[in-house]
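Welcome! Take a moment to turn the model around on your screen, and then let us walk through it together.

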Amino acid sequence: MPMVDIITPKERRSFEGIIRDLRSRDIDSLRPILTTWIKDRTTGDPLPDEVEEDLQIMSDSIDGKNDRTYLVAESLDGEVVGVIGFKAPDSRIMPFTKTLNPAELVNAYVKAEERKGKGVGRALVRGLEERVRMKGHTEIVLNSGPRYKDTGWGFYDKLEGYQRVGIAESYYGEGGDAPIWRKEI
């Protein structure tokens with residue numbers, strides 16, 4: 001009988017690395033991580049232009065050229081294994097907020113080999129929550145497009161304190177409905 005790697009909630013591990021601010025030297029390490037996840041929702045083909053656009057937005061955030069803040073997960077051996085960011089909510093997301101100073105979680109990606117019970121995603125979200133609180137925000141909202149239905153949606157459904165509060169219809173174009181999650185902090 002083959003061995004099956006099943007991780008129950010009690011067996012989930014905590015990430016043993018650090019969560020820190022994004023640095024310029026991290027950008028090249030993030031490219032393969034983003035390339036793994038940013039794909040056409042219909043064909044599954046990689047979208048290198050979108051990857052480069054997201055990396056430029058991240059790089060601009062380091063230089064203060066936009067309103068975004070990014071954090072990375074760095075393993076004990078110094079490898080960047082994930083990224084997460086936040087910004088002021090998009091106007092199409094604002095109707096799903098309930099408090100006066102919300103933040104929108106954006107661009108959450110974890111290296112494929114570091115997913116599923118290793119704690120990287122949860123550590124990134126905890127780090128983001130801490131940073132959002134420090135900046136005086138009162139809630140976090142997020143959306144996840146259809147291309148992440150089989151990977152991201154379940155993760156967000158399981159995050160402590162996050163609740164689905166609606167759907168942003170056609171947020172990602174025709175047929176691109178996006179569930180919305182929120183958590184007051």
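A good place to start is just past helix α2, where G64 follows with a positive phi near 70 degrees. Keep in mind as you read that this is a predicted model.

**Helix α2 and what covers it**

Helix α2 itself runs over residues 48–62 and has 15 residues. From its first C-alpha to its last it reaches 21 Å, close to the 21 Å expected at 1.5 Å a residue. Which residues of α2 are buried? They are V51, D54, L55, M58, D60 and S61. It helps to know that an α-helix has 3.6 residues a turn, so residues three or four places apart point the same way. The cover over the buried residues of α2 includes α1 (27–37), β2 (69–74), β3 (80–87) and β4.

Now pick out M58. Leaving aside neighbours within four places in sequence, M58 is in contact with L22, I27, L30, L34, Y70, V83 and N107.

**The nonpolar cores**

M58 also belongs to a bigger picture: the largest nonpolar core has 39 residues, and M58 is among those with the most contacts inside it, together with L30, L34, V83, L105, Y109 and L128. Two or more residues of this core come from each of α1, α2, β2, β3, β4, α3, β5 (139–143) and α4 (152–158). Helix α3 gives the largest share, six residues. Apart from this core lies another, of seven residues, including F96, V141, Y171 and I180.

**The sheet**

Next, look for the strands. Seven of them form an open sheet with mixed pairing, in the order β1-β2-β3-β4-β5-β7-β6. Why do β1 (18–21) and β6 each have one side without a neighbour in the sheet? They stand at the edges, each with a single partner strand, so one side of each is left free of a neighbour in the sheet. On average, and with direction ignored, neighbouring strands of this sheet are turned by 30 degrees against each other.

Inside the sheet, β3 and β4 pair in the antiparallel sense over five bridges. If you find G85, its bridge partner in β4 is V106. Helix α1 lies across β2, β3 and β4, and runs at about 75 degrees to β3.

**A loop that meets a distant stretch**

D67 lies in the loop between α2 and β2. With a relative accessible area of 47%, D67 is partly exposed, because that word covers values between 20% and 50%. D67 and F86 are 19 residues apart in sequence, and their C-alpha atoms are 8.5 Å apart in space. Not counting residues up to four places away in sequence, D67 touches F86, K87 and A88. The side chain of D67 reaches the backbone nitrogen of A88 at 3.4 Å.

**Two residues with a positive phi**

Most residues other than glycine have a negative phi. K116 and S170 are not glycines, and here are their values.

| Residue | Phi | Loop | Relative accessibility |
|---|---|---|---|
| K116 | near 60 degrees | between β4 (102–110) and α3 (120–134) | 63% |
| S170 | about 55 degrees | between β6 (163–168) and β7 (178–184) | 39% |

Are these two residues buried, partly exposed or exposed? K116 counts as exposed, because its relative accessibility is 63%, and the cut-off for exposed is over 50%. S170, at 39%, counts as partly exposed.

Conventions. Residues numbered from 1 in each chain as written. Predicted model: local features only at pLDDT ≥ 70, side-chain atom pairs only at ≥ 80, totals over all residues. Heavy atoms only, no water. Helix = DSSP H or I, 4+ residues; strand = E, 2+ residues; numbered from the N terminus. Buried < 20%, exposed > 50% of the residue type's maximum accessible area, 1.4 Å probe, protein only. Expected span 1.5 Å × (residues − 1). Contact = heavy atoms within 4.5 Å. Core = buried A, V, L, I, M, F, W, Y, C linked by side-chain atoms within 4.5 Å. Pairing = 2+ DSSP bridges. Axes fitted to C-alpha atoms, helices over the stretch in contact; angles between N-to-C directions. Polar contact = N/O pair within 3.5 Å; in protein donor to acceptor, adjacent residues only side chain to side chain.
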